[in-house]
Structure formats: C-alpha cells, structure tokens
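The following exercises concern side-chain contacts in a protein structure. Please attempt each task before reading its solution.

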Amino acid sequence: MVEHILNTEENWNSWKNEGCPSFVKERASDTKPTRVVRKRTAPEDFLGKGPNKKILMGNEELTRLWNLCPDNMEACKSETREYMPTLEEFFEEAIEQADPENMVENEYKAVNNSNYGWRALRLLARRSPHFFQPTNQQFKSLPEYLENMVIKLAKELPPPSEEIKTGPDVRRDKPVTGEQIEVFANKLGEQWKILAPYLEMKDSEIRQIECDSEDMKMRAKQLLVAWQDQEGVHATPENLINALNKSGLSDLAESLTNDNETNS
C-alpha cells in the first residue's frame, strides 16, 4: 500500500516537472498517396489532320472500318442496312405449303417451326395491317394462327407465276389488296361509319374501331380490313361498290369503279 502511494507521488512529481503535458495523444497525420493525374488526350492525338479528320482507333483494321463513312448516323440509315424481308419473300414457302395441291404434311410445314413462328410474328407486327386488327377468332396455338395469316396473305399477294390478265372487270373478281384498302381508306375518311352497317359490321365491332383510334382515316382502314377478314375471297371491289351504292355513297362508288378500270 505504501509502495503504491509512493509510486503515485513519483508519477505526479514527474508530470509537474515536465511542464504538465496534455494526456490527449495527437493523432498521426494520415499521409494520402499522391494521385497521379493523367494528362487528357488532346483531340489532335486521335483525329487526323486535314479536312476529312480521319479518326485513328489505334488499330489499322479498326481505323479502316470506323472511317468507311464520315457520318455514322447516315451510315446507319443506309438502305443497304435494311435486312428485314418483305412479306412476299418471307411467307413464299409457307404459302406454297398451304396450297392443298402441293400435299405437304403438317409436320413438315414451316409454320410449325418455333423459330420461324417467332420471326413471322415480328415481321407481321412491322409490315402487316392484320396483326393488330381485333378479331373474334380464337386460336389454340401459334401454328394455327400463322396458318390463318398465311391464307389471308395468299389472297392479297399475287402468285409469282400468275399470268397478267386483261379485261375491264378482271380486278373485280379478285379480293381487294392491302394497297387498294390503303388508298380507298384515305378517300372514305369520316364517312366510314355510314358504310359500316352495309358491310355487315356489328355495333360492338364499330365501337371497338372507335376505341382503337381517333384518326378517321385509320378507322376507315380498320373497317375495311375487318370486312376483308370477314368476307375472305368475297371481299372484292365489286361487292364493296355495291355496299357503297346501298349506303348512298355513290360518289365514292364511282371513284372506286374508275380506279379499278384504270388499274385493269
């Protein structure tokens, strides 16, 4: 006990003799490593000299590829970069297989190939007016839906081997094409609702068309496409002209008649 008291007194005297230094220890200063600042590359280091300003990519082949076209955005818009096939090209094989005369068994048809079906849906969404057209038909499988679409396209797209026929009424016996629908829809416009009942459209179908779009030309086009789906091979210019006359749209009927005679 006495020894402890003496040690305490000795420590006390030593602290006073040293000038009463602070008991709080100072932290050692953190020495952060000096950050190496890289010099920013000047444009002159990778842009060539002269009016063309050739971009150097650090590799001869990359430099050649990058500088094939001075404007990269224009290169992306080039027609040579259009890789999407037309409906005629893509569905040519499926249309031939759908013809009963060719006697192709179902298991060998292209529409039953899942890869073909996926590509067909993407192409139809981009190029066919039938894809987004509402329909009352229900399909249990993708091949069944594609088979139905192939039949519709076969009616619209002219066969490559078909001979050109002549005569004033030759086009009246054939179903209307997508191009004819597009042209006539622009003429029909806001009068589409007058024609709809004479194309045997139900009130629910008319309301659906009104809900789908506010544009009158688009509504007219949807009406004609729905009528085409409903009538199939009977969706001919002649039947459309008869419906126009019955609805009192005789001017449009005469215009359609003149267009058919001009194109025949």
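**Exercise 1.** Determine which residue forms a salt bridge with arginine 64, and where the two residues lie.

*Solution.* Arginine 64 is joined by a salt bridge to glutamate 61, with 2.6 Å between the closest N and O atoms. A salt bridge requires a side-chain nitrogen of Lys or Arg within 4 Å of a carboxyl oxygen of Asp or Glu. Next, locate the partners: both lie in helix α3, 3 residues apart, which is about one turn of the helix. Helices are DSSP runs (H or I, at least four residues), numbered from the N terminus. Finally, classify the exposure: arginine 64 counts as partly exposed because its relative accessibility is 43%, and glutamate 61 is partly exposed at 42%. The classes are buried (under 20% relative accessible area), exposed (over 50%) and partly exposed (in between), with a 1.4 Å probe and protein chains only.

The model is predicted: local features need pLDDT of at least 70 and side-chain atom pairs pLDDT 80 or more, while totals for chains, interfaces and linings use all residues. Residues are numbered from 1 along each chain as its sequence is written, and side-chain values use heavy atoms, leaving out hydrogens and water.

**Exercise 2.** Identify the salt-bridge partners of aspartate 229 and lysine 221.

*Solution.* The side chain of aspartate 229 meets that of lysine 152 in a salt bridge, at 3.4 Å from N to O. This pair links distant parts of the chain, helix α11 (residues 216–231) and helix α7 (residues 142–156), 77 residues apart. Aspartate 229 is partly exposed at 22%, whereas lysine 152 is buried at 14%.

Lysine 221 forms a salt bridge with glutamate 182, the closest N and O atoms being 2.7 Å apart. Here lysine 221 in helix α11 is linked to glutamate 182 in helix α8 (residues 178–188), 39 residues away along the chain. The whole structure has 5 salt bridges.

**Exercise 3.** Classify the ring pairs that phenylalanine 90 makes with phenylalanine 91 and tyrosine 116.

*Solution.* Rings of Phe, Tyr and Trp (its six-membered ring) pair if their centres lie within 6.5 Å; planes under 30 degrees apart are stacked, over 60 edge-to-face, and the rest tilted. Phenylalanine 90 and phenylalanine 91 have centres 5.1 Å apart and planes at 80°, so this pair is edge-to-face. For phenylalanine 90 and tyrosine 116, the centres are 4.7 Å apart and the planes at 15°, so the pair is stacked. The latter pair connects helix α5 (residues 87–98) with helix α6 (residues 114–127). Together, Phe90, Phe91 and Tyr116 form one aromatic cluster.
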